[in-house]
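Student: Could we go through this structure together, one question at a time?
Tutor: Gladly! Have a look at it first, and then ask away.

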Amino acid sequence: MNPCSRIPLAPTMVSLIVAVALPACSTPAAPFDHQQVFALDGAHAPPLACEACHPAGRFQGTPSTCDGCHHAPYLATTSPSHAASLFSTDCGPCHTTTAWRPARPDFHEVAFPITTGKHAGIPCVHCHAAQAAGNFTQYSCVTCHTLGATAPLHTTVAAFAFDDQSCLTCHPHGNHL
Ligand code: HEC
Ligand code: HEC
Ligand code: HEC
Ligand code: HEC
Ligand code: HEC
Ligand code: HEC
């Protein structure tokens, strides 16, 4: 937007303003730096056209949240189905702007480490049996940690209970306490 007028400028003119000082403007504005309002990195960097996000040369009112521009692909996901999995529409913690696949490798580490420790390299479906149905909210511990193997490790633990939710409550990061 030309700081001296309310008339939206064509993208080429915006670049022009960046390049040359504004002669007739009483309060000279600093050159417009897009990175300050919204980083154009990953798939958002050129050669992506300005028009992809600013159709018809409209700059004001551009959505600035991922979901604001990518809600349709969110709804269209099937593997995993984000809606069925009750994934947040805050895409940033799980995705970069480079590509939807792969998701951020570290997104899971916060919830439950699977790239370090004893669970490194275990396929998703071994813990999320409902993955085929697009559901990652369900998980299992006791499919691998059988009662026979696990109970003897807890002879000193009075509150031991043999169910997935209890395992995760006491071992939120899947490691030794
Ligand atoms: C990937 C999407 C995307 C692309 C590509 C993009 N922009 Fe933007 N642009 C945004 C977003 C998001 C904002 C900030 C909206 C906000 O926070 O108010 C913005 C803000 C702006 C603004 C300030 C609008 C205002 O509020 O006055 C201008 C000017 C602008 N962009 C120009 C450009 C130009 C020129 C290009 C091409 C070189 C470009 N943009 C490419 C997403 C994009
Ligand atoms: C102002 C609109 C706008 C916003 C806000 C925006 N994007 Fe985009 N994004 C686009 C457009 C336009 C493209 C290129 C066309 C396409 O692939 O949809 C794109 C492409 C992408 C791609 C590549 C998609 C592919 O198929 O390869 C990813 C990944 C992406 N964006 C992630 C994000 C994330 C994460 C955020 C939030 C941090 C975000 N975007 C915010 C408009 C936006
Ligand atoms: C809790 C983490 C999480 C959140 C939040 C999340 N995603 Fe994803 N997304 C994933 C995972 C995991 C995959 C699968 C990645 C892979 O296969 O490498 C994925 C895959 C995708 C794919 C490709 C899969 C397909 O079926 O086409 C798209 C598109 C996508 N996400 C869009 C989004 C958008 C848009 C948002 C936000 C509105 C979002 N995601 C929020 C975790 C998340
Ligand atoms: C060793 C078991 C294990 C493995 C392997 C595993 N997960 Fe998880 N996953 C969990 C646990 C535990 C949680 C946290 C559940 C909770 O806190 O409610 C979780 C949570 C998630 C969530 C968030 C679900 C939600 O509630 O929003 C997603 C998405 C997810 N996992 C995807 C994956 C993907 C994709 C893979 C493979 C790359 C994978 N998981 C591998 C155990 C595992
Ligand atoms: C796909 C099989 C599998 C699943 C599912 C699984 N684990 Fe494990 N887990 C292992 C293996 C293999 C080890 C390493 C050998 C061992 O200690 O039994 C391990 C080790 C552990 C340890 C000991 C770690 C250490 O540092 O000594 C804990 C605690 C643990 N798992 C908790 C969990 C919890 C909680 C869940 C469910 C959220 C879970 N596991 C799901 C396979 C699994
Ligand atoms: C009430 C809390 C509690 C519950 C519930 C619980 N654990 Fe533990 N777990 C512990 C404690 C404390 C230890 C350490 C005991 C010791 O060193 O004598 C332990 C030890 C272990 C160990 C041996 C490795 C280590 O960290 O010392 C594994 C593996 C393990 N638990 C897995 C599980 C699984 C799988 C479940 C669910 C079936 C589970 N635990 C349920 C508290 C719990």
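Tutor: One term before we start: pLDDT is the predictor's confidence in each residue, from 0 to 100. We need it here, as this is a predicted model.

Student: Over which residues does pLDDT stay under 50?
Tutor: Start with the chain as a whole, where the mean pLDDT is 83 and 82% of the residues reach 70 or more. There is a stretch that falls short, and for it the model has 25 contacts beyond four places in sequence. The stretch with pLDDT under 50 is residues 1-26.

Student: How many helices and strands does the protein chain have?
Tutor: Read the elements from the N terminus on, and you get α-α-α-α-α-α-α-α. The count for the protein chain is therefore eight helices and zero strands.

Student: What percentage of the residues in the protein chain is buried?
Tutor: Here a residue is buried if 20 or more other C-beta atoms lie within 10 Å of its own. The protein chain has 177 residues to test in this way. The buried share comes to 3%.

Student: Which element gives the most to the shell around ligand 1?
Tutor: There are 18 residues around ligand 1, and the closest are Phe38, His44, Cys50, Cys53 and Phe59. Two or more residues of this shell come from each of α1 (11-19), α2 (34-37) and α3 (50-53). By class, the shell has 12 nonpolar, six polar and no charged residues. The element that gives the most, with three residues, is α3.

Student: Which helix has the largest share of the shell around ligand 3?
Tutor: Ligand 3 has 22 residues around it, with Cys91, Cys94, Trp100, Pro102 and Ala103 nearest. They divide into 11 nonpolar, eight polar and three charged. The largest share, five residues, comes from helix α4 (residues 66-76).

Student: And for ligand 5, how many charged residues are in the shell?
Tutor: The shell around ligand 5 holds 19 residues, the closest being Lys118, His126, Cys141, Cys144 and Cys167. At least two residues each come from α6 (124-127) and α8 (164-170), and α8 has the largest share, with three. Sorted by class, there are seven nonpolar and 10 polar residues, and the number of charged residues is two.

Student: Where is Pro102, which follows a cis peptide bond from Arg101?
Tutor: The peptide bond from Arg101 to Pro102 has omega near -10°. Pro102 is also among the residues that come nearest to ligand 3. Its place in the chain is the loop between α4 and α5 (107-111).

Student: What is omega for the cis peptide bond between Pro46 and Pro47?
Tutor: Pro47 is in the loop between α2 and α3. The bond that joins Pro46 to Pro47 is cis, and omega is about 15°.

Student: Is Ala56 buried or exposed?
Tutor: Ala56 sits in the loop between α3 and α4, and although it is not a glycine, it has a positive phi of about 55°. A residue with 12 or fewer C-beta neighbours within 10 Å counts as exposed. Because Ala56 has 6 such neighbours, it is exposed.

Student: What distance separates the C-alpha atoms of Leu147 and Asp163?
Tutor: Leu147 belongs to helix α7 (residues 147-150), and it counts as exposed because it has 9 C-beta neighbours inside 10 Å. Along the chain, Leu147 and Asp163 are 16 residues apart. Their C-alpha atoms are separated by 9.5 Å.

Definitions and conventions: Residues are numbered from 1 along each chain as its sequence is written. Chains are lettered from A and ligands numbered from 1 in the order in which they are written. This is a predicted model: local features need pLDDT of at least 70, side-chain atom pairs count only at pLDDT 80 or more; totals for chains, interfaces and linings use all residues. A residue is near a molecule or strand if its C-beta atom, placed from the backbone, lies within 6 Å of it. Helices (H or I, at least four residues) and strands (E, at least two) are DSSP runs, numbered from the N terminus. Ala, Val, Leu, Ile, Met, Phe, Trp, Tyr, Cys and Pro count as nonpolar, Asp, Glu, Lys and Arg as charged, and the others, Gly among them, as polar. Two residues are in contact if their C-beta atoms, placed from the backbone, lie within 7 Å.
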